[in-house]
Amino acid sequence: MEIDFRTVVVGTGFMGRVHLEALRRLGNVGALAISGLVEGEYQSVLDDDPNLDAIHICTPNALHFSMAAAALEAGKHVLCEKPLATSSADARKLITLAAKAGRRHATNHNLRYYPMVQQMRRMREDGDLGDIFIVQGTYSQDWLLYDTDWNWRINAAEGGPSRTLADIGSHWCDMAEHITGQRITSLCADLQTFHKTRNRPKGPSETFAGKTLGPQDYIVTPVNTEDFGAVVFHMGERTRGAYTASQVSAGRKNRLSIEIFGSKSSVAWDAERPDELWIGNRGANNQILLKDPSLMKPAAQSYADLPGGHSEGYDDTFKQIFRRFYQSIANPQVAPEYPRFEDGLRQLQILEAELESHQRRAWVEVSQ
């Protein structure tokens, strides 16, 4: 297939490699990976390659703002990992820069792109669920369960003031708002750091990597980001919800679970079983819907590339969002069908309300 776009993936860790694989599967994007930790190298790419179309930013969170801003000022389209920045103020600046540059921009809330998540969204849009009463769930992992587990996200200087809620809680909130079409308007949050210190490896460590080091290879390091968060929230006057986010839940590898209860029926989905959708009924038998595009809502079918019985998982969500991102670059008339910088700002507004609520031990209104 002919290469239509040239892009650079900045950051060669876990997320950078996932982005590269998904881009190569598209077939029409030529992608190069560079280290995002060398600012001079990054700036030289922006300055020296006028044929470069887009930048994928997969670096530690503290670098997102400066790198996205530099790319926009250089006239590049930008797809940035979440969180978009470490503050809503910086996110607003990026929105202004993107508008001024006239460039496409996306925040990588890729988990929207599971086929069955889109099926839930379309069921709600078609009125199958009725009025939404309750939204609840969890995003639970165990990769930071032990005090010998370490990752750059633990350090607020690299990851920002929040870890678990910013890293995975934002995915859950984005999905809840995306499916229901409603916004979280107020909330009450409680955070906990179970490991007040962690044994930081003297050498580099990677996301989800197992630890095989001995005591002599660690440095005891204070921790200033949360391992767990619990949030109760309102969506307007009527809808109520609650969720937890944890990176210390033994046995839960990557469990984003969401349940939406309506006046007609309910739906529930679990990222560890992504091809299954539970449908709950009051006056009829409950159902388990297996992913099959021929049986899905018409508006959800394009999110599944494979026929029934052929699983589509985490890596496929990246392919789906990237495809739509580059289609919108190719055709300026195409309305963006992906989360943009405004969606990144939205999750930072929720996150800042969560942090404020925890600090004040009180309910907080979420900026709209």
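Which residues is Thr107 in contact with, once we leave aside its neighbours within four places in sequence? In this model, which is a predicted one, the list is Cys80, Lys82, Leu84, Ile321, Pro339, Arg340, Phe341 and Gly344. Thr107 itself is found in strand β5, which covers residues 105-107, and with a relative accessible area of 0% it is buried, because the cut-off for that word is under 20%. One of those contacts can be described at the level of atoms, since a polar atom of the Thr107 side chain lies 3.0 Å from the backbone oxygen of Arg340.

Let me turn from the residue to the sheet around it. Five strands form an open sheet in the order β2-β1-β3-β4-β5, and their pairing is parallel. The edge strands are β2, residues 29-34, and β5, each of which pairs on one side only. From one strand to the next, the twist averages 15 degrees. Within this sheet, strand β3 (residues 54-57) and strand β4 (residues 77-80) pair in the parallel sense over four bridges, and Ile57 has Cys80 in β4 as its bridge partner; Cys80 is also among the residues that Thr107 contacts. Helix α8, residues 314-330, packs on the sheet and touches β1 (5-10), β2, β3, β4 and β5, with a direction that makes about 165 degrees with that of β4. Helix α9 packs on this sheet as well, touching β4 and β5, and its direction makes about 35 degrees with that of β5.

That helix leads us to the second sheet, for α9 (residues 341-360) also lies across β7, β10, β11 and β16, running at about 65 degrees to β7. This sheet is open too, with nine strands in the order β15-β14-β13-β12-β6-β11-β10-β7-β16 and mixed pairing. Its edges are β15 (287-290) and β16 (364-365), and each has a single partner strand, so one side of each is left without a neighbour in the sheet. Helix α7, residues 164-180, packs on the sheet and touches β6, β7 (186-192), β10 (228-235), β11 (239-246), β12 (255-262) and β13, its direction making about 150 degrees with that of β11. As an example of the pairing, strands β13 (residues 265-270) and β14 (residues 276-281) run antiparallel and are joined by four bridges, with Ser266 standing opposite Gly280 in β14.

Where in this second sheet might we look at a single residue? Ser140 lies in strand β6, residues 132-140, and at 8% relative accessibility it counts as buried. Not counting residues up to four places away in sequence, Ser140 touches Ser246, Ser249, Arg252, Lys253, Asn254 and Arg255. The side chain of Ser140 is also joined to that of Thr138 by a polar contact of 2.8 Å.

Finally, a word on the second largest pocket, which holds about 250 Å³ of space. Of the 14 residues that line it, the closest to its centre are Arg112, Glu177, His178, Arg183 and Asp343. Helices α5 (115-125), α7 and α9 each supply at least two residues of that lining, and α9 gives the most, with four residues. To relate the pocket to the serine I have just described, the C-alpha atoms of Arg112 and Ser140 are separated by 17 Å, the two residues being 28 residues apart along the chain.

Key. Residues numbered from 1 in each chain as written. Predicted model: local features only at pLDDT ≥ 70, side-chain atom pairs only at ≥ 80, totals over all residues. Heavy atoms only, no water. Buried < 20%, exposed > 50% of the residue type's maximum accessible area, 1.4 Å probe, protein only. Contact = heavy atoms within 4.5 Å. Polar contact = N/O pair within 3.5 Å; in protein donor to acceptor, adjacent residues only side chain to side chain. Pairing = 2+ DSSP bridges. Axes fitted to C-alpha atoms, helices over the stretch in contact; angles between N-to-C directions. 1 Å grid on protein atoms, 1.4 Å probe; cavity = no way out; pocket = protein on both sides within 12 Å on 5 of 7 lines; lining within 4 Å. Points joined across faces, edges and corners; volume = space filled by probe spheres on them.
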